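Open the model in your viewer and keep the selection tool at hand. We will go from stop to stop, selecting a piece and looking at what is there.

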Amino acid sequence: MTRRARAHPQTRDGEAPVAVSADYFLRTTSGGGARRGVHAVRAKDTAPFSLHTLGPLVARVGRDIRPPRRPRHAAPVHFRISPVVSCLVALTLVGGGAALGSLGTGGALAATLPVPVPVPGQGQSVSIMNQMANSFADSPSTVALPPATAPPAPAPPSLEGEPALRAHELFGFAPYWALPSSSGFNLEGLTTLAFFSVDVAGNGTVQQSGPGWVGYQSQALADLVTRAHGAGDRVVLTASCFDQSALDQMAADPGTGPRLAAALVALVAAKNLDGVNIDFEGKGSKDQAGLDALMAAVSSAMHQANPHWQVTMDTYASSAGDPSGFYDIRGLAPSVDGFFVMAYDMNNRTTPSPTAPLTGTGFTDLDAVQQYSAAVPLSKVILGVPYYGYDWPTAGPGLGDPATGPPTPLSYSQVVATGGHVYWDPTTQTPWTSYQVGSQWHQTFFDNPTSLALKAQLADTYRIAGVGIWALGMEGSAPAMQAALQGSAPPVKGLRPGPGATVTTTTPTAAYFYSGTWDGLPVTLFPVAAPTAPVSTATPTADPLLGFATNDPSAQCLENGPGLLVSTVAGSTTTYLVTATPPSDCTTGDWEFTTAAPAAPTTTVPPSTTTTTASPSTSTTTTWSTTTTSAGG
């Protein structure tokens, strides 16, 4: 994924771009300056938002990020209450609202989600939403939901005068498989609840079968809608399609848009709902024009049926900066009231790493917010955050240790059940933990109240519509997750970076070979991340390593360079260290090689006696030491 240059966000009403200083964070989190907020800080004498401005904030986020109390849906204050896009699975909901420190009491992991690992990269054809939908398609509790005997209560009259997205949007997904436990959802903290989902076929019709349809027709959904309306929330219907051929078919047929629009208007009206959320996830750019036309038809029909109905669309985190991707964000913007930006699954699945980094070297929440802010009105951007993470089997407990198998998605409640200590990664501003099952180490990367509070602060800084979470139910009995998005995070104590990578120094790299000639003999080199002994204690030899050869692109420039320095390692007569150091060498590197133990010395007897030469050792064993070092704790 190409990382693009960051631009200052556009602001409402032609205002100058907002630049946020570290002083701003201190003033807005020090107890009395919440109303001053970003509106009081202009570009003058300030520095742009960055990771460094968040550093001091982390230690106080739980205690100090508390906006003034206000009535539900009252006039907005300048602190952005982030939307809760919740939508997931109530697996085994284990209690626990820890921010940092211990995750909770020990215990076996809850059953993991029996779903395939999605293919990394934008435009992936199998999303986490689709994985979970497939996983719970045959859930007995969902299939057995009794049908509704009466429609739910209509929306309160107060919603008629509200904008499509509130100034502090809290958007929460309620997936069909969580309906049996939906009585536990905190609806008072939401502004929009999205029922996920009914399926859309390639011809634009809604499939009136399957577990999503059973959920739509259920009394459980009717009761949930009545409760949500009683809390002053909008309730929208999510229509989904994850099949690439069906998406191609819809985009190619001009009649699909009006056909789908008519079906959705009828479904929304039948259940006293308040709009639609479109979750079409595909890849490639060939469907962009067709998708723009389809969304224009859906939006027009929905707003003609009721101008107060809401129309939102789920899009990839990188889409605003990727004109060759599946979504044409600028082309879709006039047709939607908001984009739910799926700012998760942004990690590389081959490397243990966070699914939703706030900052860092890869694609991050900050990148997504900046790109969307430059492409569409800020009032149309909802930053989606995860209530789940990924667990990897790893070679060791340290951050940076390689994976030994594919990752498994875990809900936050499942992560809490591991009972491990929570570490903090200051680069990505996210928590992680490591633990051991038998001899197998695991590392889990996830979001918790501390990291969610920082994401809410990011949304507030850029004055986007709000935040959202995938998904309701995944937090278990941890109200601190939603509270953090509303600006009330628990106190943070004991931030710890965790153990560093465990490095095996002399294990050859599987993909590359390194060789050369030393003292007239061919030798095989083994790369080392840390030499067996510090270079300062090694003694250079008279002979350099010649004829260096490798298939490693990062070191091939050494093949045409001068001989490399060879040093003996203190305490060993068979291990040698080869070092490449600029400027005499084109790159840096350390390798080790070993030679046979020296032969026994030759003894010459006086001439008057028989001359005897000691026999050489009958066998020679070439070995290299294996040293494991651990950085950190």
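Start with a term for the first stop. A crossing of two helices is left-handed if the near helix is turned anticlockwise from the far one by less than a right angle, and right-handed if clockwise. Keep in mind that this is a predicted model.

**Stop 1: two crossing helices**

Select helix 9, residues 256–270, and helix 10, residues 288–305. Two packed helices are described by the angle between their axes and the distance between the axes. Here the axes come within 8 Å and cross at roughly 35 degrees. Which hand does the crossing of helix 9 and helix 10 have, left or right? Helix 9 passes helix 10 in a right-handed crossing.

Now show the side chains where the two helices meet. From helix 9, pick Thr 256, Gly 257, Pro 258, Leu 260, Ala 261, Leu 264, Val 265 and Val 268. Their partners in helix 10 are Leu 294, Ala 297, Val 298, Ala 301, Met 302 and Ala 305. Sorted by class, this contact has 12 nonpolar residues, two polar ones and no charged ones.

**Stop 2: the whole chain**

Zoom out. The protein chain has 15 helices and 24 strands. It has 633 residues, and 53% of them count as buried. Show the surface: about 24900 Å² is exposed, and carbon and sulfur atoms supply 57% of that. Next, think about contacts between residues at least 6 apart in sequence. Of these, 76% join residues at least 24 apart.

**Stop 3: a covered strand**

Select strand 2, residues 169–175. How many of its seven residues are buried? The count is seven of seven, and the strand is mostly covered. Turn the strand so that you see both faces. Glu 169, Phe 171, Phe 173 and Pro 175 point one way. Leu 170, Gly 172 and Ala 174 point the other way.

Add the partner strands. Strands of a sheet pair through backbone hydrogen bonds, either parallel or antiparallel. Strand 2 pairs with strand 14, residues 466–470, in the parallel sense over four bridges. Strand 2 also pairs with strand 3, residues 192–199, in the parallel sense, this time over five bridges. Centre the view on Phe 171. Opposite Phe 171 in strand 14 stands Gly 468. Opposite Phe 171 in strand 3 stands Thr 192.

**Stop 4: two cis peptide bonds**

Stay with strand 3, where Ser 197 is found. The peptide bond that joins Phe 196 and Ser 197 is cis, with omega about -10 degrees. Then go to Trp 470. The bond from Trp 470 to Ala 471 is also cis, with omega near 15 degrees. Ala 471 lies in the loop between strand 14 and helix 15 (480–485).

**Stop 5: positive phi in loops**

Select Arg 463, in the loop between helix 14 and strand 14. Arg 463 has a positive phi of about 55 degrees although it is not a glycine. Is Arg 463 buried or exposed? Arg 463 is buried, with a relative accessible area of 3%.

Jump to Asp 345, in the loop between strand 7 and helix 12. Asp 345 has a positive phi of about 55 degrees, and it is not a glycine either. Its relative accessible area is 9%, so Asp 345 counts as buried; the cut-off is under 20%.

**Stop 6: an enclosed helix**

Follow the chain on to helix 12, residues 365–375. Of its 11 residues, 10 are buried, so helix 12 is largely enclosed by the rest of the structure. Among the buried ones are Leu 366, Val 369, Tyr 372 and Ala 375. What do the buried residues of helix 12 pack against? Select strand 6 (310–316), helix 11 (329–332), strand 7 (338–342), strand 8 (381–386) and helix 14 (449–462) to see these neighbours.

**Stop 7: a three-stranded sheet**

Last, find the open sheet of three strands in the order 17-16-20, with antiparallel pairing. Strand 17 and strand 20 (546–550) are at the edges, each with a single partner strand, so one side of each has no neighbour in the sheet. Neighbouring strands here are turned by 20 degrees against each other on average, direction ignored.

Zoom in on strand 16, residues 514–518, and strand 17, residues 521–524, which pair over four bridges. Gly 516 stands opposite Val 523, and Trp 518 stands opposite Leu 521. The hairpin has two residues between the strands, and Asp 519 takes a positive phi near 55 degrees there.

Technical notes
Residues are numbered from 1 along each chain as its sequence is written. This is a predicted model: local features need pLDDT of at least 70, side-chain atom pairs count only at pLDDT 80 or more; totals for chains, interfaces and linings use all residues. Side-chain values use heavy atoms; hydrogens and water are left out. Buried means under 20% relative accessible area, exposed over 50%, partly exposed in between (1.4 Å probe, protein chains only). Contact means heavy atoms within 4.5 Å. Two strands pair if DSSP finds at least two bridges between them. Accessible areas come from the Shrake-Rupley method with a 1.4 Å probe; for residues, only the protein chains shown count as cover. Axes are lines fitted to C-alpha atoms, for helices over the stretch in contact, and angles run from 0 to 180 degrees between N-to-C directions. Ala, Val, Leu, Ile, Met, Phe, Trp, Tyr, Cys and Pro count as nonpolar, Asp, Glu, Lys and Arg as charged, and the others, Gly among them, as polar.
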